[in-house]
Each structure stands twice: as C-alpha cells, then as structure tokens.
Amino acid sequence: MLDEKILTILRNNRDTHVSSDEMCKVADISRAAIWKHVEKLRDEGYEIEAAPHLGYRLVAAPDSLIPSEIKHGLKTKVLGREILSYKKVDSTNTVAYSLAEKGMKEGAVVLADEQTGGKGRHGRKWASPPKSGIYLSCILRPDIAPNEIAGITLLAAVAVAKSIRGLTGLDALIKWPNDILVDGKKVCGILTEMKAEQDRVDFVVLGIGININTKIKHLPNNATSIREEMDKKDGPSRVEFTKRILESLEEEYVLMKKKGFGPVIDEWKEFSSMLGSRVRIVLPNRKIEGIAHDIDRDGALVVRFDSGVLEKVLSGDVEMVR
Ligand code: BT5
C-alpha cells in the first residue's frame with residue numbers, strides 16, 4: 001500500500017523532484033522508511049533518481065507485469081482488481097485453478113514473466129520464454145452451463161483480436177477454436193479450463209498466452225510475435241497490452257452476461273480466418289474434411305461435407321486445405 005502511495009506521488013510529479021519532506025508528509029512515514037520503499041521500487045525495476053537537496057524523481061517505469069504497473073490507469077471494474085504476479089511459475093493456469101478452488105473471487109488475474117511448464121490443450125506445451133510474452137490467467141465465475149464453455153474461449157479470442165488490432169493496426173484473425181493469427185502465423189493461444197458440476201459451472205480459468213517481444217528462435221514453427229510483425233520495432237509495451245486485454249475481456253464478458261453469447265459470436269465471425277474455406281479437422285479418432293460453414297450458438301464449428309451434410313464439431317485441430 002505504501003509503495004503504491006509513494007509511486008502515486010512520484011507519478012503525479014514526473015517532471016520535477018519531490019522533496020523527502022513532502023514524501024514524508026504525504027505518506028506519513030519517516031525519511032528512513034521512504035528510502036526503504038524507494039529501494040524496494042528500484043528492485044522491482046523502477047528507475048528513481050535521488051538528488052541531494054531536491055529529492056526523488058521517477059525517471060522510468062519497468063515494462064514488467066507487476067500489479068502496480070498493470071493497475072495504474074486500468075479501466076476495469078472487476079478483471080484485474082486482484083493481481084498476483086510471478087517472475088517465474090510453472091503455469092499461470094495451474095496457479096489460478098488452485099486459487100479458484102480455494103475460493104478466490106471472480107476477476108482475479110495471475111500473471112508471470114516466464115512459465116516453466118506453460119500448457120497448451122491436450123497436454124501440449126506453450127513456449128513461455130522470460131520477459132517477452134504475456135502469460136495471463138483469469139478466474140471467472142460465469143452463470144453458464146458446462147456445455148457453453150466453448151463460448152468463453154471465443155469471447156477471449158474476440159477480446160485479444162480487438163486488442164491487437166486496436167494497439168498495433170495488425171490484421172489479427174481468429175482461427176477456431178483458440179488461436180489468434182497474424183499473417184497466417186500463431187501469435188496467441190487460449191486455454192480455457194473449468195470446474196463444473198453436472199449442470200452448472202463452478203469456475204473457469206481463462207489462460208491467454210501472447211508473444212509480444214518474443215524472438216522467433218524461441219518459438220515453434222509457424223509462430224510469430226507482435227514485434228516481429230510490426231514495421232517499427234518499438235511497439236506497445238507488455239504492460240499496455242495486458243491492460244488493453246483485460247479491458248477488452250471485461251467488455252465482452254459484460255456483453256455476454258447481458259445478452260448471451262449471440263453478439264460475441266457475431267463479432268467472432270467478423271474476425272474469423274476460415275469461415276467459407278476448406279478445412280481438415282483432426283478429431284480424437286478420425287479426420288474430417290469440408291467447408292467451415294458456420295459457428296453455432298454453443299461455439300461449435302459447423303462443417304459442410306461435399307455431400308451437403310452438416311456436422312457440428314465441439315473441439316479439434318483445424319488445418320486449412322489450400
Ligand atoms: C494453445 O494450445 O494454444 C493454448 C495456449 C495457452 C497458453 C496460456 S499462457 C497462460 C496460461 N498458462 C498456461 O499454462 N497456458 C495458458 P494448443 O491449441 O494446444 O496449441 C499448442 C501448440 O501451439 C503447440 O503444440 C505448438 O505447436 C504451438 N505453440 C507452442 N508455444 C507457442 C507460442 N509461444 N506461440 C505460438 N505457438 C506456440
């Protein structure tokens with residue numbers, strides 16, 4: 001709390017120094033205590049100048065996924081009001097899942113600078129090198145049935161695609177069910193996990209991984225990062241991206257709570273990279289091929305076979321057939 005108070009004083013006076021006396025008065029602590037807090041902020045990556053007789057001045061804030069940076073100017077009511085941030089963690093989804101099991105509230109967000117066991121779907125891995133991507137998991141407690149869970153993944157995909165387009169102008173497209181592509185390459189993956197009873201979802205952990213400044217050599221084939229795709233090499237920071245994603249997610253989530261998944265799915269279709277194209281889908285026990293015809297209200301992909309017959313697919317891996 002005191003760190004936040006000291007940061008606020010410094011942020012509000014970015015072009016001048018703030019004297020120790022003034023900091024002591026506002027924060028209501030001793031000079032020695034101010035010094036201790038400034039040192040702690042420096043450890044977190046804040047560059048704070050200390051000039052004799054003049055006082056302290058904030059020179060630069062770190063592009064670190066720490067609560068004080070993410071919460072600063074964040075325009076959400078629920079998402080990200082509680083943030084847990086780790087330098088290194090096994091998987092933010094695993095951490096968020098166990099917090100949710102212990103009763104952590106809706107909107108809590110787990111962030112990490114690096115994951116040692118980043119998870120994809122079906123036991124696959126998510127490459128999560130340090131300080132270059134965003135690894136974020138959000139606890140939601142939506143009042144939906146377990147079979148509506150696919151809608152949450154689509155909702156998140158819309159929020160991420162909009163954030164990338166809004167912040168960078170890149171033509172981000174969604175590949176059903178959980179990928180965001182830029183120039184045909186994967187820049188973001190979404191992993192939605194849940195705990196549910198028979199007819200009611202207890203909680204959802206919505207995990208989002210985005211490659212922001214990640215070098216291609218640290219990514220698998222057919223993957224890219226925002227920085228790689230931008231002409232200018234100084235794109236939006238990870239902090240800016242995280243805030244925008246939380247804001248955009250909250251907007252879509254509120255829309256879904258008011259009007260169901262319908263409007264979200266309509267937006268999803270606008271960003272789809274594959275509706276109308278020929279696709280091959282790998283299902284657990286077979287492969288099917290046809291035209292990606294539609295997304296229905298449960299978030300399922302409707303495939304039209306050459307015979308004209310339609311089939312609903314709830315989950316699978318899609319390849320585009322050229
Ligand atoms: C996904 O699975 O795309 C879901 C990824 C979710 C990651 C987030 S990070 C925060 C949270 N905590 C976690 O532990 N996970 C979530 P799937 O559709 O199964 O895709 C996995 C495949 O994507 C891999 O087999 C690779 O081919 C590819 N891949 C792995 N890492 C990648 C990366 N960083 N960027 C792009 N593609 C990647």
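Reader: How far from an oxygen atom of the ligand does a backbone N or O atom of arginine 121 lie?
Author: This is a predicted model, in which local features need pLDDT of at least 70 and side-chain atom pairs count only at pLDDT 80 or more, while totals for chains, interfaces and linings use all residues. Residues are numbered from 1 along each chain as its sequence is written, and side-chain values use heavy atoms, without hydrogens and water. A polar contact is a pair of N or O atoms within 3.5 Å. For the backbone atom of arginine 121 and the ligand oxygen, the distance is 2.9 Å.

Reader: Which residue has a side-chain N or O atom 3.0 Å from a nitrogen atom of the ligand?
Author: Asparagine 211 places a polar side-chain atom 2.9 Å from a nitrogen atom of the ligand. The side-chain atom found at 3.0 Å from a ligand nitrogen belongs to glutamine 115.

Reader: How much of the ligand's accessible area does the protein cover?
Author: On its own, the ligand has 800 Å² of accessible area, computed by the Shrake-Rupley method with a 1.4 Å probe. The share of this area covered by the protein is 90%.

Reader: How many charged residues does the shell around the ligand have?
Author: The ligand has 26 residues around it, each with a heavy atom within 4 Å; Ser91, Lys119, Arg121, Arg124 and Lys186 come nearest. Nine residues of the shell are nonpolar and 12 are polar. Asp, Glu, Lys and Arg count as charged, and the number of charged residues in the shell is five.

Reader: What is the volume of the largest pocket?
Author: A pocket is an open set of points on a 1 Å grid over the protein atoms alone, where a 1.4 Å probe fits, with protein on both sides within 12 Å along at least five of seven lines; lining residues have an atom within 4 Å of a point. The ligand sits in the largest pocket, which requires more than half of its atoms to lie within 2 Å of the grid points. The volume, the space filled by probe spheres set on the points, is about 950 Å³.

Reader: Which strand gives the largest share of the lining of the largest pocket?
Author: Of the 43 lining residues, Trp126, Lys175, Asp179, Leu181 and Lys186 are the closest to the pocket centre. Strands are DSSP runs (E, at least two residues), and S5, S7 (179-182) and S9 are among those supplying at least two lining residues each. The largest share, five residues, comes from S8.

Reader: Which residue is joined to tryptophan 176 by a cis peptide bond?
Author: The omega of this bond is about 0°. The partner of tryptophan 176 lies in the loop between strand S6 (173-175) and S7. That partner is proline 177.

Note on methods:
Polar contact = N/O pair within 3.5 Å; in protein donor to acceptor, adjacent residues only side chain to side chain. Helix = DSSP H or I, 4+ residues; strand = E, 2+ residues; numbered from the N terminus.
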